[in-house]
Amino acid sequence: MKKRQLSETDIKTKYITPALKNAGWDIKKFVREEVSFTAGKVIINGKTTKRGERKRADYLLFAKDNLPLAVIEAKDNNHSVSSGLMQGVEYGEILDIPFVYSSNGDAFVEFDRTKKAGTIQRELRLEQFPSPEELWQRYKESKNIVEQEIEKLVTQDYYVDSNSQKEPRYYQRIAINRTIEAVAKGQKRILLVMATGTGKTYTAFQIIWRLWKGGVKKRILFLADRNILVDQTRTNDFKPFGDKMTKVEKRKIDTAYEIYLALYQGLTGEEEWKNIYKQFSRDFFDLIVIDECHRGSAAEDSAWREVLDYFSNATHIGMTATPKETKDVSNIQYFGEALYTYSLKQGIEDGFLAPYKVVRITFDKDIEWRPYASQTDKYGEIIPDKEYSGRDYDKEIVLEKRTELVAKKISSYLKQTDRFDKTIVFCNDIEHAQRMTLALMNENSDLVAKNRKYVMQITGDNNEGKKELDNFIDPESSYPVIATSSKLMTTGVDAQTCKLIVLDSNIQSMTEFKQIIGRGTRINEDFGKYSFTILDFRGVTRLFADPDFDGEPIKVCENSEDSAFEKVEEILDVYGEEKKEGAAFIKRKEKMRKYYVHSVPVEVSSERVQYFGSDGKLITESLRDYTKKNIRKEYRDLDDFLKKWQSVKKAAIIKELEQQGIFFHELEREVGKELDPFDLVCHIAYDQKALTRKERASNVKKRNYFGKYGEKARKVIEVLLDKYADTGIENIESLDILKVKPLSDIGSPLEIVKLFGGKKAYLQVINELEKHLYSEV
């Protein structure tokens with residue numbers, strides 16, 4: 001067989017793999033083929049979800065496990081030798097791999113990503129492919145790894161769980177490897193930015209494990225600011241440290257351990273005796289990892305910063321999803337520029353994080369409301385005469401009808417989807433959370449009667465609610481379902497199955513907003529969690545449009561947007577009544593009373609649904625305009641679209657458009673007819689008259705195009721047309737449809753295709769059927 005007749009797989013087997021063997025590569029140990037490195041973007045289609053295509057490299061070549069050196073993209077011999085190079089370069093950039101190759105079986109083309117000048121691209125004969133030793137030497141030269149101690153640490157083994165065989169995802173590997181290399185070269189301050197839900201703690205564990213096993217860092221302190229974070233870390237990701245690890249509790253120090261887990265506030269206090277970190281010598285720890293480092297550890301006047309300053313000789317690694325950059329707090333000023341950033345947008349694109357939609361609801365009184373002269377609240381207090389709007393409610397003044405309407409809209413949404421979808425309602429403060437809890441209980445009294453924990457207030461001052469936090473985040477636990485909170489659940493709560501985030505809080509801080517959105521971004525396939533919804537009652541989701549929402553962290557000089565009173569509220573909510581710092585603020589806060597108004601009616605003035613677009617941003621224009629723009633970008637006119645539609649499988653075109661962010665189910669609902677994707681595209685993008693699926697199927701039946709076939713064969717075609725009318729074109733293109741009733745009643749798939757003269761003839765009938773279905777435009 002001639003080389004041009006060989007498939008891509010044949011080219012790999014007969015030419016590329018032998019070339020690697022001849023160059024000295026151990027195929028079983030250091031060469032991996034067909035490596036998928038993303039999960040496939042989650043595509044939402046109404047109430048159903050599916051995965052898009054995974055990114056997959058033909059070959060990855062490793063110096064050792066988790067230390068890749070090269071990526072190879074293969075093509076069949078009908079392509080040029082460099083045909084796969086640009087795809088390979090893209091993969092090299094994503095995977096942080098220095099050497100890229102393309103081959104069609106005739107030769108290799110190399111792209112050297114380590115070079116900044118000179119020849120970066122060259123063609124090599126098959127027998128010239130570099131050996132492992134050559135690539136490793138070039139890699140070391142590009143990284144300036146000249147000392148044996150650095151090389152030893154850079155190649156230190158990862159921890160491998162013999163049971164799960166869990167491997168780091170590609171972005172975790174990049175973060176780990178870059179950090180190890182930086183520490184090996186003496187860098188003392190390191191910042192890693194990774195979106196919520198991407199496995200920061202697992203990443204931290206592998207960094208610590210390799211540095212610890214390499215003997216470079218002997219005593220390590222892992223700092224967090226929530227007990228639940230420390231406990232989760234200890235029992236899950238850090239479990240392999242076993243009896244070498246301890247948690248600092250009850251202000252007691254034991255210097256016999258090597259790995260220490262601690263709360264910031266467990267090491268510090270207003271009184272000197274509470275500053276137990278000073279019981280360690282200044283050089284006791286040589287590595288400190290600061291989890292959620294945005295929460296104040298980098299503020300120069302922070303009590304938490306005292307811990308870092310005390311152990312200033314240690315290497316400090318800060319980890320966060322949301323680096324904080326204000327006039328008062330700068331993660332970048334302290335740690336330096338982020339060594340690696342893995343964003344929410346990238347996580348969603350890769351399919352590791354859940355996409356979302358936003359339902360933004362505005363009430364008439366949120367725009368403006370003013371009391372009449374000398375109007376009193378329900379307790380007889382005169383309400384100050386001023387114009388109130390959404391930013392004032394539940395802070396200065398309470399419109400009780402508004403709280404009731406928010407609870408009604410939340411409950412209505414859950415009734416339309418699933419009343420047992422885990423939900424977090426973020427309120428302005430603890431008192432607001434208390435009232436919201438009662439309002440939600442009233443709206444869901446039937447389920448509360450069955451289990452009083454259906455709705456729970458989970459705030460720092462509520463011990464019963466805090467005890468239920470573990471149950472809320474446990475996917476196996478049915479209750480609580482709805483959690484109301486203020487600050488306690490904004491960060492560090494691993495709520496894997498949370499499907500609804502409710503915003504009824506005046507959030508101004510981008511850091512806090514990112515953290516809250518992060519409560520919904522985790523995917524849990526075992527429990528059917530692939531996406532989530534944000535119900536926004538305060539217009540907070542305007543922050544999605546801010547360039548800083550998903551961009552690189554940039555140091556800025558701006559005043560902190562959190563007021564002193566909000567800071568006190570956060571202290572009380574996060575740490576509970578036992579942590580009452582800033583007593584003067586609290587006394588002033590107590591003097592600020594709220595006015596409670598029950599008689600003012602509140603109505604919905606607008607409700608708008610927004611979707612997550614293919615560019616990683618919320619679609620702000622109408623869904624129709626967005627669809628029209630994106631389709632016309634792909635197909636310049638109707639003829640261009642029709643040519644593509646007639647030339648390939650319809651399911652492939654539909655999948656391609658869905659991956660580009662076309663929401664067929666939502667468009668169909670908006671148009672109000674059961675339209676095929678073909679008609680939705682033609683109607684919305686090219687202003688053509690739309691026919692429903694039933695109309696198209698009926699037109700084909702009337703014309704009796706298939707009278708030439710026997711009775712049983714005609715029955716099959718009629719059923720296929722009915723299936724098309726009910727569910728669309730994708731299903732009838734698949735042979736699996738023949739296994740479904742009522743087609744399975746006619747015969748087995750083999751028997752059915754024989755009615756048409758065999759599989760090839762049957763597929764030709766399907767092709768003919770599609771032509772007749774779409775003959776009218």
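The following paragraphs describe the strands, helices and selected residues of a predicted model.

The protein has an average pLDDT of 86, and 90% of the residues score at least 70. Confidence stays under 50 over residues 551-591, a stretch for which the model nevertheless has 79 contacts beyond four places in sequence.

Strand E12, comprising residues 259-263, is largely enclosed by the rest of the structure, because five of its five residues are buried. In a regular strand the side chains alternate between the two faces of the sheet. In E12, Ile259, Leu261 and Leu263 point one way, while Tyr260 and Ala262 point the other way, and the residues on both sides are buried. Strand E10 (residues 220-224) runs parallel to E12 and is joined to it by five bridges, with phenylalanine 222 having leucine 261 of E12 as its bridge partner. Strand E11 (residues 245-247) is likewise parallel to E12, to which three bridges join it, and here lysine 247 stands opposite leucine 261.

Methionine 245, which is placed in strand E11, counts as buried at a relative accessibility of 9%. Its contacts, leaving aside neighbours within four places in sequence, are with Arg234, Phe238, Lys239, Tyr257, Ile259 and Leu261. Of these, tyrosine 257 is 12 residues away from methionine 245 along the chain, and the C-alpha atoms of the two residues are separated by 6.0 Å.

Helix H6 (residues 170-184) packs with helix H7 (residues 200-213) at an angle of about 35°, the axes of the two helices lying 9 Å apart, and their crossing is right-handed. On the H6 side the contact is made by Gln172, Ala175, Ile176, Asn177, Thr179, Ile180 and Val183, which meet Tyr202, Thr203, Gln206, Ile207, Arg210 and Leu211 of H7. Classed by residue type, the contact of H6 with H7 consists of seven nonpolar, five polar and one charged residues. Helix H7 also holds lysine 200, which is buried, with a relative accessible area of 9%. When neighbours within four places in sequence are left aside, lysine 200 is in contact with Met194, Ala195, Asp291, Glu292, Met319, Thr320 and Ala321.

An open sheet of seven strands is arranged in the order E19-E20-E18-E21-E22-E16-E24, and its pairing is mixed. Strand E19 (455-457) and strand E24 stand at the edges with a single partner strand each, so one side of each is left without a neighbour in the sheet. Direction ignored, neighbouring strands of the sheet are turned against each other by 15° on average. At the E24 edge, seven bridges join that strand to E16 (residues 356-363), the two running antiparallel, and threonine 362 has serine 606 in E24 as its bridge partner.

Two helices that lie across strands of this sheet may be described together. Helix H14 (residues 400-416) lies across E16, E18 (422-427), E20 (482-485), E21 (498-504), E22 (532-536) and E24, and runs at about 160° to E21. Helix H15 (residues 430-443) lies across E18, E19, E20 and E21, and its direction is at about 170° to that of E19.

Proline 480 is located in the loop between helix H18 (469-473) and strand E20, and is buried, with a relative accessible area of 0%. Apart from neighbours within four places in sequence, the residues in contact with proline 480 are Lys422, Lys453, Tyr454, Met456, Glu468, Asn471 and Phe472. The C-alpha atom of proline 480 is separated by 53 Å from that of aspartate 26, the two residues being 454 residues apart along the chain.

Strand E24 is also met by helix H25 (residues 664-671), whose buried residues are Phe664, Glu666, Leu667, Glu668 and Val671. Besides E24 (604-611), these buried residues pack against helix H22 (623-634), helix H24 (650-659), helix H26 (677-686) and helix H27 (693-703). Helix H25 is followed by glycine 672, the phi of which is positive, near 90°.

Key
Residues numbered from 1 in each chain as written. Predicted model: local features only at pLDDT ≥ 70, side-chain atom pairs only at ≥ 80, totals over all residues. Heavy atoms only, no water. Buried < 20%, exposed > 50% of the residue type's maximum accessible area, 1.4 Å probe, protein only. Helix = DSSP H or I, 4+ residues; strand = E, 2+ residues; numbered from the N terminus. Pairing = 2+ DSSP bridges. Contact = heavy atoms within 4.5 Å. Axes fitted to C-alpha atoms, helices over the stretch in contact; angles between N-to-C directions. Left-handed = near helix turned anticlockwise from the far one by under 90°. Nonpolar A, V, L, I, M, F, W, Y, C, P; charged D, E, K, R; others polar. pLDDT = per-residue confidence, 0-100.
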